[in-house]
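User: I've got a model open and want to understand the labels attached to it. Can you walk me through the reasoning?

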Amino acid sequence: MAVREAAAGPRGPGRDEETALLYERAHSRHDPCWLLPVPPRLCLACVLELLPEPCVSLVRKKHVLSCFRDALLRHASLVMQLVAQDQRVCIHFISMLFGLLCNVEDGSVIDLCIEVLIQLTTQLKLEQTVHCLLDECHKELCNMPSMRGSLATLTLLGKLVDAIPPLADKLVMEHSNLMEHLLRGLVYPNEGVRASVCYLYGKLYSSPVAAEMLSGHFREKLCPLFLSTLDGAQTKELQINCLGWLRQLLKYDLFVSVIMNESSLAESTEGVEGPPGKTSLPLVLKKLLLSRDETLQVASAHCITAVLVHSPAKHAPAFIHADIPEFLFEHLSSSSEVLVWFSYNCLILLAEEPLFFSKCHTVYGIESVVRSLQGSLRMNNTELHKEGLLLFAEILTRQPEEIKLFTSSTMCRDAGRALQEAVNSPVLEVAAEAVKAISAFLRKDHQSALPVQYRELRALLEAMLNRCADFSQTPLNRRPLGHASSRDANKAILRRGKFLLSTLEGFRNACRLAMEFQSEPSAHENPFTAPGAEKEDTLEAFSEFLLSACDSLCIPMVMVGSSGTHIA
């Protein structure tokens with residue numbers, strides 16, 4: 001009644017491993033065809049007889065199961081040959097493992113059972129074994145008087161669908177009444193059970209076919225329950241699984257509309273006496289943004305982005321009214337590049353909504369944007385540089401003229417220096433985004449904080465013009481190396497032309513700025529300049545620079561661009 005712990009003869013290295021899976025009482029009558037030909041000396045028939053034996057301790061069963069799992073990992077093809085010899089044996093083995101899974105409380109044994117069951121079903125690739133396992137799960141959940149003992153079965157189902165994605169459709173089509181049991185699990189007080197339900201739902205809704213079949217179920221029964229589960233989640237596991245499910249739902253316009261409509265109902269009844277249960281997604285995601293957990297913060301920002309991409313005009317107001325932009329701006333100072341990138345992404349989408357500006361979020365957030373941009377440019381992350389500049393350009397372009405963005409000349413100076421650093425980037429895509437932002441920056445309402453920083457503006461324009469001149473003079477390879485090479489050369493020419501046009505647009509805006517300041521005496525020079533000092537920081541000196549730059553840089557760049565003299 002025990003697993004043999006030693007082979008005949010002296011004990012030596014490897015002997016325990018070789019005999020660990022031979023069931024002493026029964027092995028003598030087993031056909032050698034069930035014996036694994038390599039260490040560990042595993043006899044499948046012994047495993048089948050030992051695991052269901054009530055007199056064998058759980059410790060021994062765990063050890064046998066662990067050895068079988070290791071053999072499955074190390075010698076998958078050989079173990080599969082053993083298991084697949086007889087399909088009846090295969091089905092019996094799976095049923096026996098499932099029975100053990102449902103009848104033990106030891107978490108490590110449950111995990112082992114699930115791992116072995118998943119490996120067996122995925123590697124055997126036999127439809128009958130999958131059907132068998134699904135039927136066992138279905139039967140177990142349907143016969144269960146309460147959800148108390150359902151955790152192992154639900155966890156197995158979730159991991160099974162994760163390992164074999166087509167099972168999502170089969171589960172919904174052939175075991176549709178399981179959805180009612182999942183609903184029960186979602187209101188069960190144990191967060192482990194609810195986490196396993198959310199994980200399984202996330203896997204089901206990751207299939208477009210299953211998601212469509214479950215759309216009515218979600219709209220009629222699940223949506224408010226899901227939002228309240230996400231809102232009330234206390235454990236990290238439940239929070240992560242809820243957010244994973246949410247991310248799957250947010251891929252579909254239908255579910256975004258259902259969730260946001262439910263959220264608007266919750267917001268409209270806030271403060272009104274009535275039955276509780278209505279939850280707003282923007283407020284839940286705001287709470288997660290305010291958490292100190294970076295994983296939850298990133299997941300929250302990711303979900304906000306996933307909602308907004310469907311329709312910024314339709315959904316952005318709900319997030320703006322929840323003051324989410326304020327906390328996204330705060331996260332721009334994070335040391336996490338991922339969180340900063342997602343915050344940039346969210347803010348870019350929110351900036352498409354005029355309410356974002358009329359509520360003055362940009363006025364309070366622009367300093368965070370500039371500081372974040374300065375910090376990100378020191379990192380080796382081109383995508384982060386581009387995203388930050390794109391956000392800055394969007395704000396500079398869309399900011400209403402009547403709402404002053406820069407409240408001091410110091411802040412305006414810092415913004416210009418950040419753009420100067422960006423336009424000097426060796427990465428062309430980053431420099432191109434910087435040029436667009438500079439063009440938007442050269443607006444009178446952005447430069448009206450006195451004293452006007454003409455010296456800083458001149459340095460910024462010089463950097464932009466020199467970068468464009470360097471780029472324009474870089475030879476292009478036009479050798480006839482085939483169609484693909486020709487296409488690449490054409491793209492390079494187009495990229496160069498766009499860069500030149502953006503630069504010229506920025507220079508034109510600088511000239512317009514100088515003309516507009518001519519009618520404002522207070523903007524002609526810096527009143528704090530020391531008496532007798534050379535007055536470089538004046539509108540006159542800035543205007544002379546523009547005239548000189550037009551002759552020495554702009555006209556030659558246009559001539560080079562139009563003639564193609566530097567194309568080799």
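User: What makes the enclosed space in here count as a cavity, and how many are there of 30 Å³ or more?
Analyst: This is a predicted model, and it holds one cavity of 30 Å³ or more. The word cavity is used because a 1.4 Å probe fits there but cannot get out. The largest cavity has about 60 Å³ of space.

User: How do you know which residues line the largest cavity?
Analyst: A lining residue has an atom within 4 Å of a cavity point. By that test the lining includes Cys 412, Arg 413, Phe 441, Gln 447 and Glu 456. Helices H24 (409-423) and H26 (454-472) are the elements giving two or more residues to it, and H24 has the largest share, with four residues.

User: Why is part of that lining called charged?
Analyst: Asp, Glu, Lys and Arg count as charged, so Arg 413, Arg 417 and Glu 456 go in that class. The lining has three charged residues, alongside four nonpolar and three polar ones.

User: What makes H19 and H20 a contacting pair?
Analyst: Contact means heavy atoms within 4.5 Å. Pro 325, Leu 328, Phe 329 and His 331 of H19 make the contact, with H20 residues including Leu 339, Ser 343 and Leu 350. The axes of H19 (residues 324-331) and H20 (residues 337-350) come within 9 Å and cross at roughly 145°, in a left-handed crossing.

User: Why are two residues of that contact called polar?
Analyst: His and Ser are outside the nonpolar and charged lists, so His 331 and Ser 343 count as polar. The contact's other residues are eight nonpolar and no charged.

Technical notes:
Residues are numbered from 1 along each chain as its sequence is written. This is a predicted model: local features need pLDDT of at least 70, side-chain atom pairs count only at pLDDT 80 or more; totals for chains, interfaces and linings use all residues. Side-chain values use heavy atoms; hydrogens and water are left out. Axes are lines fitted to C-alpha atoms, for helices over the stretch in contact, and angles run from 0 to 180 degrees between N-to-C directions. A crossing is left-handed if the near helix is turned anticlockwise from the far one by less than a right angle, and right-handed if clockwise. On a 1 Å grid over the protein atoms alone, a cavity is a set of points where a 1.4 Å probe fits but cannot get out, and a pocket is an open set with protein on both sides within 12 Å along at least five of seven lines; lining residues have an atom within 4 Å of a point. Grid points are joined across faces, edges and corners, and a volume is the space filled by probe spheres set on the points.
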